[in-house]
Amino acid sequence: MKLFEYANGFCKETTWKDLALLKFCLCAIGLMMGACVSEEKKRPALVAAAAVFALTYPPLMARFIQSVLRQRRWERRLEEEPVYYGMED
């Protein structure tokens with residue numbers, strides 16, 4: 001689907017700051033939606049939101065930790081065996 005290709009391209013061009021803004025935006029939408037939920041339906045809405053959080057947060061954090069570990073391995077490798085890309089001393 002073309003939309004997903006555009007989304008992948010956008011993510012490759014963004015920084016962590018852009019993603020933080022996106023998260024704040026989505027949080028604000030969630031708060032607005034939560035404020036519109038009637039009193040008798042607040043508990044089911046909260047349970048659904050908690051379930052979505054519980055299902056999405058651990059995989060995201062696992063990927064983040066894997067990325068950090070991969071970057072640290074790469075940094076250690078460069079410290080042990082520096083690679084010079086055509087640069088003269």
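**Exercise 1. Work out where Arg 77 sits and which surface patch it joins.**

Step 1: Arg 77 belongs to helix α3, residues 42–80. Helices here are DSSP runs (H or I, at least four residues), numbered from the N terminus. This is a predicted model, where local features need pLDDT of at least 70, side-chain atom pairs count only at pLDDT 80 or more, and totals for chains, interfaces and linings use all residues. Residues are numbered from 1 along each chain as its sequence is written, and side-chain values use heavy atoms, with hydrogens and water left out.

Step 2: With a relative accessible area of 47%, Arg 77 is partly exposed. The cut-offs are under 20% for buried, over 50% for exposed and in between for partly exposed (1.4 Å probe, protein chains only).

Step 3: Arg 77 joins Arg 63, Arg 70, Arg 72, Arg 73 and Arg 76 in a positive surface patch. Patch members have over 30% relative accessible area and no salt bridge; like charges are joined within 9 Å, nonpolar side chains (Val, Leu, Ile, Met, Phe, Trp, Tyr) within 5 Å.

**Exercise 2. Find the negative patch and place Glu 81.**

Step 1: Glu 75, Glu 79, Glu 80 and Glu 81 make up a negative patch on the surface.

Step 2: Glu 81 comes in the segment after α3.

Step 3: Glu 81 counts as exposed because its relative accessibility is 60%.

**Exercise 3. Track down the salt bridge and describe its two partners.**

Step 1: The rule asks for a side-chain nitrogen of Lys or Arg within 4 Å of a carboxyl oxygen of Asp or Glu. That gives a count of 1 salt bridge.

Step 2: Its partners are Glu 5 and Lys 2, at 3.7 Å, N to O.

Step 3: Both partners lie in helix α1 (residues 2–13), 3 residues apart, which is about one turn of the helix.

Step 4: Glu 5 is partly exposed at 48% relative accessibility, and Lys 2 is partly exposed at 48% too.

**Exercise 4. Check the span of helix α2 and see how covered it is.**

Step 1: Take 1.5 Å times one less than the number of residues. For the 21 residues of α2 (residues 16–36), that should span 30 Å, and the end C-alpha atoms are 30 Å apart, so the two agree.

Step 2: Now for cover: α2 has 0 buried residues among its 21, so it's hardly covered.

Step 3: A nonpolar surface patch brings together Leu 19, Leu 22, Leu 26, Ile 29, Met 32 and Met 33, with about 570 Å² of accessible area together. Met 32 lies in α2 and is exposed, at 55% relative accessible area.

Key: Accessible areas come from the Shrake-Rupley method with a 1.4 Å probe; for residues, only the protein chains shown count as cover. Lys and Arg count as positive and Asp and Glu as negative; His and the chain ends are not counted. The place of a charge is taken as NZ of Lys, CZ of Arg, CG of Asp or CD of Glu. Helices (H or I, at least four residues) and strands (E, at least two) are DSSP runs, numbered from the N terminus.
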